[in-house]
4 protein chains.
Amino acid sequence: MIKVGIVGATGYAGAELVRLITNHPQAQVTAVSSVSFQGQKLSEVYPAYLNINDMECETQEQVVEKSDVVFAALPHGLSQELAKQCVSKEKAFIDLGADFRLESEDEYKEWYNGEFLDKELHAEAVYGLPELFRENIHKGQKIIANPGCYTTCAPLALAPAVKLGLVETKGIICDCKSGVTGAGRKPVQSNHYPELNEGFHAYKVASHRHTPEIEQTLSKLAEKKVTVTFVPHLLPVNRGILATCYADIKEGVTFEQIRKAYEDFYKDEYFVRLLPQGMNADIHNIKYSNFCDISLHHDKRANKLIACGAIDNMVKGAAGQAIQNMNIIFGLDEKTGLDIVPPAF
Amino acid sequence: MIKVGIVGATGYAGAELVRLITNHPQAQVTAVSSVSFQGQKLSEVYPAYLNINDMECETQEQVVEKSDVVFAALPHGLSQELAKQCVSKEKAFIDLGADFRLESEDEYKEWYNGEFLDKELHAEAVYGLPELFRENIHKGQKIIANPGCYTTCAPLALAPAVKLGLVETKGIICDCKSGVTGAGRKPVQSNHYPELNEGFHAYKVASHRHTPEIEQTLSKLAEKKVTVTFVPHLLPVNRGILATCYADIKEGVTFEQIRKAYEDFYKDEYFVRLLPQGMNADIHNIKYSNFCDISLHHDKRANKLIACGAIDNMVKGAAGQAIQNMNIIFGLDEKTGLDIVPPAF
Amino acid sequence: MIKVGIVGATGYAGAELVRLITNHPQAQVTAVSSVSFQGQKLSEVYPAYLNINDMECETQEQVVEKSDVVFAALPHGLSQELAKQCVSKEKAFIDLGADFRLESEDEYKEWYNGEFLDKELHAEAVYGLPELFRENIHKGQKIIANPGCYTTCAPLALAPAVKLGLVETKGIICDCKSGVTGAGRKPVQSNHYPELNEGFHAYKVASHRHTPEIEQTLSKLAEKKVTVTFVPHLLPVNRGILATCYADIKEGVTFEQIRKAYEDFYKDEYFVRLLPQGMNADIHNIKYSNFCDISLHHDKRANKLIACGAIDNMVKGAAGQAIQNMNIIFGLDEKTGLDIVPPAF
Amino acid sequence: MIKVGIVGATGYAGAELVRLITNHPQAQVTAVSSVSFQGQKLSEVYPAYLNINDMECETQEQVVEKSDVVFAALPHGLSQELAKQCVSKEKAFIDLGADFRLESEDEYKEWYNGEFLDKELHAEAVYGLPELFRENIHKGQKIIANPGCYTTCAPLALAPAVKLGLVETKGIICDCKSGVTGAGRKPVQSNHYPELNEGFHAYKVASHRHTPEIEQTLSKLAEKKVTVTFVPHLLPVNRGILATCYADIKEGVTFEQIRKAYEDFYKDEYFVRLLPQGMNADIHNIKYSNFCDISLHHDKRANKLIACGAIDNMVKGAAGQAIQNMNIIFGLDEKTGLDIVPPAF
């Protein structure tokens, strides 16, 4: 059994890790920490976990000590020091935050106003989006930068078309809609029930921090610099992201070729379900699971590809993908503990 | 008091007309009809109206007879005959359906598989989007084609930029999200509560019937043929449409110029609220009212205008706008009965 | 026009007062105050009110100065001093808080841990539940204790049976369910969207502060001390209270007699709609309005009366009823500004 | 591996069985049937199951043939014939419908207007509420009458108090609130999204068919005839039942004794979580799991016990409990495949 420690266990991503690791046949939660709830039981914070995980929240140090792998779900800026500690003690470190995701320190500075404390450490980190960059993630890897939610969903929806050069990389638009858990557990006015319920709006329009991360992934696939227009919106649901992505189809390319390219690209990917033509990706159908559903659409009149991707922002967009990465670096089958049937309702 | 008849009063748009006309100081509902509920009281169909409107549903003929103006909320194809009857009896006719919206019979044929039964009748109809085409809507007008919901929201969000030539008309994208009432009152599997709740998906991607109507409006404003990519989505809320519209800013034009153009364009329009820069249009803030809130955003990196429009699909997107049109053709102040304060929650 | 001042205008009840007074033909908001948002515009706090009420929040003193009547929506304990000020300046004072509701200082001490600062002031206050105690509310009244939400709904559902002695007063149970706005605007963990959404639970079981107020009303009606079991629950909706009330039918009394008694009791009450037998009171049907819908049911096997009452907790349960009281004390028709059609959806 | 057949697999209970059996380590779905969708793939009906269960819906006969155990989720009246077939072929039969739940044919006639086709068959059936009647459910049992949702929740909340004679059995009230999946998958007007959303109401007040079943269970526990007042309500959520149950505490009994009795009664029951005093049972915390959370409350003034029980109506109230019963009759640990962590949000 892999000993799993979770730092920041009382945030939503941390709590979801607890749920998924508890169901994992080859891993177990051995320690959890939380700055806000230190000394309290996890099940006092989340009564859903009563009798299931009644561990007390300990310190980060205790968590590191007791674990083979440390998952960190921390505000950005706080993971780098912890990563260093883990590496020095030969623990694997999987970061659900943003500190190791961007390869360019300039971009990290621009978007997060932070800096790379230790460039060698950053050099050791790999970006853990297995379906697109599995070749970089090796057994024994020490630091995983686990992608963000939007940055998993939109790139998966666009990857085959971008990588195979079937669409123009200029003018790509990602119009994304996320459930509220993506905004975190801290009560804020805008997510107070009566203010969000029966509402819907865009936020951080063309200025969200996931922008450079989406671009980094698409640029790697395209092997050239790609810029996107990324607009997130807040949905009055708990979970799920739908990314509606628009790209101009290259001259001479048919929609059927694109469809075929997606089929080939994802044919061995258990967690990506390319929907039959005519269906629409829906967050309703992947909740609580690690699936990414993709539907493809053709605007014949404007000759655009419209690719819709749907994930659970807390699973494939956070905790589930982190465990997928853990499985890889510990030499397990990627699906272990993640072959969850999404509920039909 | 204007005598108002409502044909198709038991559908959602019809029911909303009843609510709004009941509150109108210079109009009253004198008769309602419904094919499905003929002989039943409106308040049996909508218990919210108990003691307020307990009228029995009569026949279309009776409604026409008893009214100065007939509002029709019917499935497409059924309004033309009724319009003819109304005109012959010198009653005003306001059509909330699609029969008179498209000026091109070819497009009507292509998108609705219908035909214009009487071209003269169509020639008499005017398209009732007052903020954009008020000069066409005259006192005494006999037939109003009341715009659809998406086709009110997206054009209002884009109008100043398109009309003044500040954005490229090629490549415009309207990514729209609508509450469920837009799909009608008839129970269907996809809108059964447990299947829609906590879900979100696109539908009729780049193939929705509102596409040619949006294009007709934008083409008139631009004075050239405009094609748009229109993708509607279904939100798990009762009311509201958010249109997130993307357009490339023309070279040499600044975002500040665009902002200024919107301010000028809408400065006398009571029902359009251009939000202060930094705010995001939210369907939460216009529910039950006839307002259209618009927020403007600039993607500096891709130099795109992103305009978000929010309306209540049942009010500004249907019944409210229809009454706004009634007010005009009966010589009343446009706001009469429509100066509704949107609830704060 | 009555000049209306609102103290605590940025809470939910205060904001609802703004909405309703704005629609009132014989009253207007002349000043608003808020401790938390002093100096800010009301429409910055509630963007729904943009262009409709852009007043700045002033001090309590300013509000009192500018008004004929002051509505206070304050945490308990803060109204007494303000009432005194108002009375001394000959302003009417309508308190949406709890300070003047209980006639017994002992009960106020027991349940609110407060005291009556000025017994004479309390002697001047009348309890403003017009349908039950209209004879006490006179034109020119200076202090109105506006009832709470649960304490309006449950008593209205039970009143005819209790007053006419048709049910046993021992063992009455009020199982009540409220929308979230009842818990206030302040963001708290338990009402953070993801924690409340898709959830439902009781709270303050048999210990909620509305208990003695419900009992005070029922005791007056019964002319003897009545004790009730009151259990509130939190519904994942914005607005509405449903009170399901249980009482043993007295021997010799038939359900039909009870039905008839309700019909007589409420036959002239515009705001109470006794539903036809066979229907169920539903918060869906009274939202945004001042109606209280009541349905009556008979458990024949246990011979219990089950009376369901539904109100909008923010209207009949707060701001609407407060305006109803204002109308009375200013000599207007009670319905003025309150004949709102509840939306059908 | 136990071969599981599901008759009525496209209803909500059937679909939930598919989800849970797929996750069960010692059982697998071998065939499914559906009258409405025969010949279609299950994943066409529920796209959530794409790639997970793409079986075609077959006939009942085929399902029986291919299975060791047949689960039936059918409208009442249709299970008896099928049970007979199963028994004759030595297949176990677990009925999620009502046909075998009531022991009294008179009550079945009164409440369901049906009859017992074969009294011997009924004599073979046992009522499968393991926490209360485990001693009746034996390995090798052939027919299980799986309890209904309300009839699992309310009795579990009341059982220790009733069985040990700590409360009066006269005057018990079960005020219950259920998520919409309890009303089935068929689209009906009342559960059309806009009509249910933001609504709440009681239904079938004191006349719901689960009444005699609740009474049967409580009567067995009390060893005398118990009558209850049962009022169900419909919650605007997908899943979950909260039962708020009221009973008079017997003279001489303290609340602490009751608390202690519950602790003892349920101390070895994995699926029942008696919450620490001060907490409130919430459907939020048991969703998708087989847990029943119970919180106890004391109305000191009326000396009533208020017991709140919360279950997922589709799991402990249907499919999960059915699998719990399967585990017992096949000699497996009761928890097998059911030790699901309820999501924290």
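## Salt bridges and a shared interface

B:Arg19 is buried, with just 5% relative accessible area. Its salt-bridge partner, B:Glu16, is buried too, at 0% relative accessibility. What you're looking at is a predicted model, and salt bridges are a good way into it: the count over all chains comes to 92.

**Inside chain B**

- B:Glu16 and B:Arg19 form a salt bridge, with their closest N and O atoms 2.8 Å apart.
- Both of these residues sit in helix 1 (residues 12-22) of chain B, 3 residues apart, or about one turn of the helix.
- Another salt bridge joins the side chains of B:Glu269 and B:Arg134, at 2.7 Å from N to O.
- B:Glu269 is in the loop between helix 11 (255-266) and strand 12 (272-274) of chain B, while B:Arg134 is in the loop between helix 7 (130-133) and strand 7 (143-145) of chain B, so this pair ties together parts 135 residues apart in sequence.
- B:Glu269 counts as buried at 11% relative accessibility, whereas B:Arg134 is partly exposed at 30%.

**Inside chain A**

- A:Lys304 and A:Asp248 meet through their side chains in a salt bridge of 2.9 Å, N to O.
- That pair links distant parts of the chain: A:Lys304 belongs to strand 14 (residues 304-311) of chain A and A:Asp248 to strand 11 (residues 241-248) of chain A, 56 residues apart.
- A:Lys304 is buried, at 6% relative accessible area, but A:Asp248 is partly exposed, at 25%.
- There's also a network of salt bridges here, linking A:Glu16, A:Arg19, A:Arg239 and A:Asp312.

**Where the chains meet**

- On the contact side of things, 47 residues of chain B touch 47 residues of chain A.
- Between them, chain B and chain A bury about 3,600 Å², with 58% of it on carbon and sulfur atoms.
- B:Glu198, B:Phe200 and B:Arg301 supply 20% of the area chain B buries against chain A, more than any other three residues.
- The two chains share 4 salt bridges.
- A:Arg301 and B:Glu215 also meet in a salt bridge, at 2.5 Å from N to O.
- Across the interface, 24 residue pairs are in polar contact.
- Several elements of chain B give two or more residues to the side that touches chain A, including helix 10 (210-222), strand 10 (228-234) and strand 13 (292-299).
- Strand 10 of chain B gives the largest share of that side, 4 residues.
- By class, the side of chain B that touches chain A has 22 nonpolar, 14 polar and 11 charged residues.

Definitions and conventions: Residues numbered from 1 in each chain as written. Chains lettered and ligands numbered in written order. Predicted model: local features only at pLDDT ≥ 70, side-chain atom pairs only at ≥ 80, totals over all residues. Heavy atoms only, no water. Contact = heavy atoms within 4.5 Å. Buried area = accessible area lost by both parts, 1.4 Å probe. Polar contact = N/O pair within 3.5 Å; in protein donor to acceptor, adjacent residues only side chain to side chain. Nonpolar A, V, L, I, M, F, W, Y, C, P; charged D, E, K, R; others polar. Buried < 20%, exposed > 50% of the residue type's maximum accessible area, 1.4 Å probe, protein only.
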